[in-house]
Amino acid sequence: MEEYLIEGKTGYSLKLSKGQIIKVIDLEGQQIADFVAYHEKNYEERLDPVATRDALQSTDIKVNDKLYSNLYRPMLTLLKDTVGKHDLLSPACRPEMYKLLYNKEKPLENCYCILNKALSHYNVPAPSQHYPFNIFMNTIIEKNNQIEIRTSLSSPGDYVELCAEMDLIIAISACPNEESAGNGYHSSSIKVEVYS
Ligand SMILES: [Zn+2]
């Protein structure tokens with residue numbers, strides 16, 4: 001078993017071979033982990049929350065569901081989930097978002113840049129934007145179709161386990177957003193374990 005600590009406001013990338021299992025653990029609770037995945041040899045194929053919603057015919061993912069690529073191929077299967085509420089709707093936070101939504105003029109740390117930096121370790125080119133599987137993110141669609149980001153439902157030690165369905169490069173950002181309720185206005189650490 002390999003394990004990695006991703007401190008709040010930082011990221012990490014690693015290779016995940018087909019059949020390997022990655023466990024993503026929220027150490028302190030209420031922490032969103034932005035998760036992206038690329039085909040190991042073809043960076044044009046990547047985890048796609050829109051294709052996943054289309055394939056699942058749902059905005060939510062549950063145990064035994066798969067996460068799909070933009071080519072509608074299964075990339076990962078959700079094996080275990082102690083929270084049951086994650087996000088397939090929201091893009092990675094980025095400087096322009098902090099300006100628009102929070103009126104922050106100075107660029108803040110953000111998942112877009114954190115993921116790019118992590119993926120540069122494998123020479124994955126920076127996309128125009130990241131559309132992650134936002135683990136532990138509690139996004140609600142209200143009856144009037146308003147989208148509300150509420151505080152994550154995860155408690156210390158809560159986790160998800162995902163099994164790779166193809167050879168992947170993955171990256172995770174411990175979302176640095178302290179402006180919204182999503183992370184409980186505080187960014188904290190994520191732990192990752194990989195099993196063969
Ligand atoms: Zn973020």
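Student: What share of the contacts in the protein chain with a separation of 6 or more comes from residues 24 or more positions apart, and what makes two residues a contact?
Tutor: Two residues are in contact if their C-beta atoms, placed from the backbone, lie within 7 Å, and pairs 24 or more positions apart account for 74% of the contacts with a separation of 6 or more. This is a predicted model, in which local features need pLDDT of at least 70 and side-chain atom pairs count only at pLDDT 80 or more, while totals for chains, interfaces and linings use all residues. Residues are numbered from 1 along each chain as its sequence is written.

Student: What makes a stretch of the protein chain a helix or a strand, and how many of each are there?
Tutor: Helices (H or I, at least four residues) and strands (E, at least two) are DSSP runs, numbered from the N terminus; by that criterion the protein chain has three helices and 12 strands. Its radius of gyration is 15 Å, close to the 16 Å of the globule rule for 196 residues, so the protein chain is as compact as a globular protein of that length. The radius is taken over C-alpha atoms, and the rule is 2.2 Å times the number of residues to the power 0.38.

Student: Why is helix α3 called largely enclosed?
Tutor: A residue is buried if 20 or more other C-beta atoms lie within 10 Å of its own, exposed if 12 or fewer, and partly exposed in between. Eight of the 10 residues of α3 (residues 111–120) meet the buried criterion, so the helix is largely enclosed by the rest of the structure. Among the buried residues are Tyr112, Ile114, Leu115 and Leu119, and their cover includes β2 (11–16), β4 (33–39) and β11 (168–174).

Student: What makes a set of residues a nonpolar core, and which residues have the most contacts inside the largest one?
Tutor: Such a core consists of buried Ala, Val, Leu, Ile, Met, Phe, Trp, Tyr and Cys residues joined through C-beta atoms within 7 Å. The largest has 48 residues, and Val24, Ala33, Leu115, Ile170 and Ile172 have the most contacts inside it. Its largest share, seven residues, comes from α3. Leu115 touches residues including Val36, His130 and Ala171, not counting those up to four places away in sequence.

Student: How do you know that β4 and β11 pair, and which strands join them in a sheet?
Tutor: Two strands pair if DSSP finds at least two bridges between them; seven join β4 to β11, which run antiparallel, and Phe35 stands opposite Ile172 in β11. The open sheet has the order β2-β11-β4-β7, with antiparallel pairing. Its edge strands β2 and β7 (133–135) each have a single partner, so one side of each is left without a neighbour in the sheet.

Student: At what angle does α3 run to β2, and how is such an angle defined?
Tutor: Axes are lines fitted to C-alpha atoms, for helices over the stretch in contact, and angles run from 0 to 180 degrees between N-to-C directions. On that basis α3, which lies across β2, β4 and β11, runs at about 45 degrees to β2.

Student: Why is β10 also described as largely enclosed, and which strand pairs with it over six bridges?
Tutor: Five of the seven residues of β10 are buried, so this strand too is largely enclosed by the rest of the structure. Strand β3 (residues 21–26) pairs with β10 in the antiparallel sense over six bridges, with Asp26 opposite Asp158. Five bridges join β6 (residues 74–81) to β10 (residues 158–164), also antiparallel, and the bridge partner of Leu78 is Leu162.
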